Amino acid sequence: MGKKGNLNGRFLCLQAIVVMTSCVGNSFITPILQRFGYEPFQIGVTMTCAAITAAVAKPLWGYLNDRFACAKQLAVAGTALGCAAYALLVYSGGQRVLTALAAMLLYLTFLCIMGLVDSWAVRLISDGWTLNYAITRAGGSLSYAFMAAGFGVVMADFGPKPGLPVLCILLVLLVVTVWSLPNPKRMVSQARAVSMPQALRVLAHNRVFVLAVVAYFLCSITSSAFDSFFSVMVTGLGGTEEQVGIGLFCQAVSEVPVMFAYSALRRRIHCPAAYFLAAGMAFFGLKTLALGLADSFAMVFAVNLLHGLCYATLMAGCVDFVLETVPVELLATAHLLYSAVGNSLGAVVGNALNGGIAQVIGVQPMMVVVSTGGFVGALLVVYAMKRRTT
């Protein structure tokens, strides 16, 4: 299919806005829970409930986008609901049921929208638009970096309530941006449209895809140790939300050069995208292991610079992996199913498991233990590709 036009600039703006909403609405949930007096196990339980919600919702978001080509409408409606969920969290007063409900809604909205935008990119690339996912995602990473550092300072001084007007401003910017972008192409042939159960059956018979999902599940047990307990580790070293924000800034900035280099590296080495998945998973294991051994803020911030090799390699590789292994009519469904089962369900198990381990032996020893998931996941992807070629 011929190229229809260049969307890189507009999609970069979309990525930046969506990533900033997720930074405020998702990345600072744990510090807010800590302000409410939550212990590591209680944090783990709350984040497990949130991850379960995302695991169930993500394939549905992808299916709706595949079937009805409604990414623009989903992004706006989901962000508006996410703003309401954030208000519920910060004004809940730490009431257990309300905070759990708010965390679940924040994962249902802001976290799922991150995946929706990625699947939107996959569909637009398949439709013939000029769109470099890695470059646009680099812009998102850079915006996350500055939002994380800035909001960390604000939260340390004023608490989480200023996040609500910030999210409302981002919602307005999102509305303006998405209406300048095309929805993915609607399937013109009803013969190619499949039901959700049919889509799941087709994907279940794709052995490489299934093994990659299992590998991502194992890696997510590792990565959830950082996602949910990084702020607990920082405060354990004597830090505040400001240091949490600086740490998140370091990790987001580290994604930018890797995202920019990804496309050139793929052209140079000519290997399947699955091997980039394996590399990202192995780096997640290394990063989590190093964080578990860190004994100062300087070392923590230095280790966070590995995040670009973890997250950027894994996410950019995932877009190409789905394009290489899945039928075109299932692209969005497959991408969000991969994220739901691999990432969100892995976080369900990881948050509960990691919270329990941390309660017994401490947060940093827990990170050392669960770092193995990233290494095992990487080996499983390599095994799947070797079996595919034999």
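Biologist: Over the ring of which residue does the charged end of lysine 72 sit?

Modeller: In this predicted model, the charged end of lysine 72 is placed 5.3 Å from the centre of a ring. A charge counts as sitting over a ring only if NZ of Lys or CZ of Arg is within 6 Å of the ring centre and within 35 degrees of the ring normal. The ring beneath lysine 72 belongs to tryptophan 179.

Biologist: And how far is the charged end of arginine 96 from the centre of the ring over which it sits?

Modeller: The ring in question is that of tyrosine 38. From its centre, the charged end of arginine 96 lies 4.2 Å away.

Biologist: How many aromatic pairs does a search of the whole structure find, and why is the pair of phenylalanine 28 and phenylalanine 151 classed as it is?

Modeller: The search of the whole structure yields nine aromatic pairs. The ring centres of phenylalanine 28 and phenylalanine 151 are 5.1 Å apart with planes at 80 degrees, and therefore this pair is edge-to-face. Phenylalanine 28 lies in the loop between α1 and α2 and phenylalanine 151 in helix α6, so that the pair links distant parts of the chain, 123 residues apart. Both phenylalanine 28 and phenylalanine 151 are buried, and the geometry asked about is edge-to-face.

Biologist: What separates phenylalanine 226 and phenylalanine 230 along helix α9?

Modeller: These two rings form a tilted pair, at 4.7 Å centre to centre and 35 degrees between the planes, and phenylalanine 226 and phenylalanine 230 are both buried. Because they are four residues apart in helix α9, phenylalanine 226 and phenylalanine 230 are separated by about one helical turn.

Technical notes: Residues are numbered from 1 along each chain as its sequence is written. This is a predicted model: local features need pLDDT of at least 70, side-chain atom pairs count only at pLDDT 80 or more; totals for chains, interfaces and linings use all residues. Side-chain values use heavy atoms; hydrogens and water are left out. Rings of Phe, Tyr and Trp (its six-membered ring) pair if their centres lie within 6.5 Å; planes under 30 degrees apart count as stacked, over 60 as edge-to-face and the rest as tilted. Helices (H or I, at least four residues) and strands (E, at least two) are DSSP runs, numbered from the N terminus. Buried means under 20% relative accessible area, exposed over 50%, partly exposed in between (1.4 Å probe, protein chains only).
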